[in-house]
Structure formats: C-alpha cells, structure tokens
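Reader: I've got this one open on my screen and I'd like a close look at a single part. Could you walk me through the helix you'd pick to begin with, and then take me on to the sheet?

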Amino acid sequence: PFANIAIGCNSIVADQIALKLGEYVVTEAGFGADIGAEKFMDIKCRAAGLAPNTVVIVATVKALKMHGGGFTQKPGRKPPMAEIMKPNPAAVEAGCANLVQHVENMRKFGIPVVVAINAFPYDTPEETEIVRAAAMSAGAEAAVESQVHAKGGAGGAELAEAVVAAAAQPSELKFLYPLEASIKEKIETIAREIYRAGGVDFSPVAEAKIK
C-alpha cells in the first residue's frame with residue numbers, strides 16, 4: 001500500500017482481526033518512517049483508536065552506504081553491486097544521518113523504537129556496528145542484526161526478543177497536530193517536524209485547493 005497515493009497501511013479491520021488472533025501483531029506503514037509512518041500515526045491510529053506499542057525501523061548497511069555516497073555512478077542509476085559490496089565505513093557513517101532522522105521522527109510520537117539491521121553476507125562487523133551505534137545514539141531502544149534470510153527463524157530470535165522488550169515498556173501515542181488545526185497548520189507541522197523544512201510556501205493553486 002503506497003503512502004504517496006494513499007494512507008500507506010492496511011485496513012483498521014485487518015488489524016482488529018489480527019489483534020484477536022495473536023498475542024503480537026506486526027503491521028506495516030509503507031514508505032518509511034516519514035510519509036508512511038506519519039500517516040499511520042496521525043491518520044490511521046487516530047481513526048482506529050489504536051496505538052502501537054513499538055516501532056520497528058528496518059535498515060540495511062547497503063542502503064545507508066548508498067545514502068552516504070562515495071560511489072561512481074551515473075545520474076539516476078544505482079552504483080554497481082561490486083562497488084556496493086566493498087567495505088566502506090565512511091559512506092555508511094555518512095548515510096546514517098538518514099537513519100537517525102527516521103528514529104528521531106518516530107520518537108516524536110512517544111513510541112519506543114527498535115532498529116532491525118537486515119544483514120547481507122557482504123556486510124562487515126565494523127559497518128554493522130556503525131549502524132547500531134548511530135541508531136542507539138539517536139534514541140532507539142535496541143538495534144539488532146536480523147539474519148532471517150540466512151538462518152530462518154533462529155536468525156530473527158534476538159530481534160523478536162528486542163521488540164517484545166520494547167513493546168512491554170509504558171508509552172503513550174502523541175499526535176503531531178490537533179484535529180482542529182487548519183489545513184495549512186497541519187501541512188506546516190508535518191513539513192517542519194518530519195521533513196525538517198524551514199517553512200512552507202503555498203502556490204496560488206495550493207491556496208485555491210485548500211480553500
């Protein structure tokens with residue numbers, strides 16, 4: 001469910017059914033811990049009267065390495081896999097600015113955050129530790145390597161334990177904006193708090209649509 005054209009998550013009814021069938025329910029907010037998770041919290045959770053007990057942000061060394069740059073690549077194209085697979089701690093560290101902002105975004109909602117570091121065979125221990133340290137310094141409750149692809153269920157046991165521990169903590173969902181705020185105020189709050197905008201300029205077309 002794509003958050004750029006919709007809410008970016010499954011239905012409230014689906015979650016209500018799942019909550020009756022299992023002790024823990026994992027549900028997705030598509031498109032990252034900005035557009036997807038913000039809509040999940042401010043729209044879906046508010047409408048449903050439900051609040052998550054913890055947020056899990058999935059990260060990879062590979063993605064953060066690409067965020068950090070330092071690759072030979074053509075505009076609009078990914079760098080070659082051979083280059084991505086090479087150890088590059090400096091690029092990982094630079095790219096962690098992206099992960100840090102996602103963690104900070106989710107903490108604004110008052111919910112504990114766990115970072116799942118989805119492991120690839122070519123990740124180095126140094127690179128993984130850089131990601132873990134960045135997540136923890138940003139305020140994550142835990143940052144745990146997930147090796148489910150390589151090891152099956154056993155490879156996700158440590159992550160599952162971290163999620164259960166985080167979910168057991170007391171928390172209270174905080175919305176970014178009150179419902180009675182104006183459309184402009186809501187847009188400005190989301191732009192400022194989630195995307196770090198300095199402000200918002202409204203075009204004449206936007207002004208007309210808001211009106």
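Author: Sure. Keep in mind that this is a predicted model. The buried residues of helix α9 pack against α2, which spans residues 32-48. Helix α9 itself covers residues 183-193, and its buried residues are Thr189, Ile190 and Ala191.

Now for the sheet. It's an open one, built from three strands in the order β1-β2-β3, and the pairing is parallel. β1 (55-59) and β3 (142-146) sit at the edges with a single partner strand each, so one side of each has no neighbour in the sheet. From one strand to the next, the twist averages 25°.

Let's stay with β1 for a bit. Strand β2 takes in residues 113-118, and five bridges join β1 to β2, the two running parallel. If you want to trace the pairing by residue, start at Val56: its bridge partner in β2 is Val114. Next, look at Ile57, which stands opposite Val115 in β2.

The faces of β1 are worth a look too. Val55, Ile57 and Ala59 make up the covered face, while Val56 and Val58 lie on the uncovered one. Why the back-and-forth? Because side chains in a regular strand alternate between the two faces of the sheet. So of the two residues we just traced, Ile57 belongs to the covered face and Val56 to the uncovered one.

How values were computed:
Residues numbered from 1 in each chain as written. Predicted model: local features only at pLDDT ≥ 70, side-chain atom pairs only at ≥ 80, totals over all residues. Heavy atoms only, no water. Buried < 20%, exposed > 50% of the residue type's maximum accessible area, 1.4 Å probe, protein only. Helix = DSSP H or I, 4+ residues; strand = E, 2+ residues; numbered from the N terminus. Contact = heavy atoms within 4.5 Å. Pairing = 2+ DSSP bridges. Axes fitted to C-alpha atoms, helices over the stretch in contact; angles between N-to-C directions.
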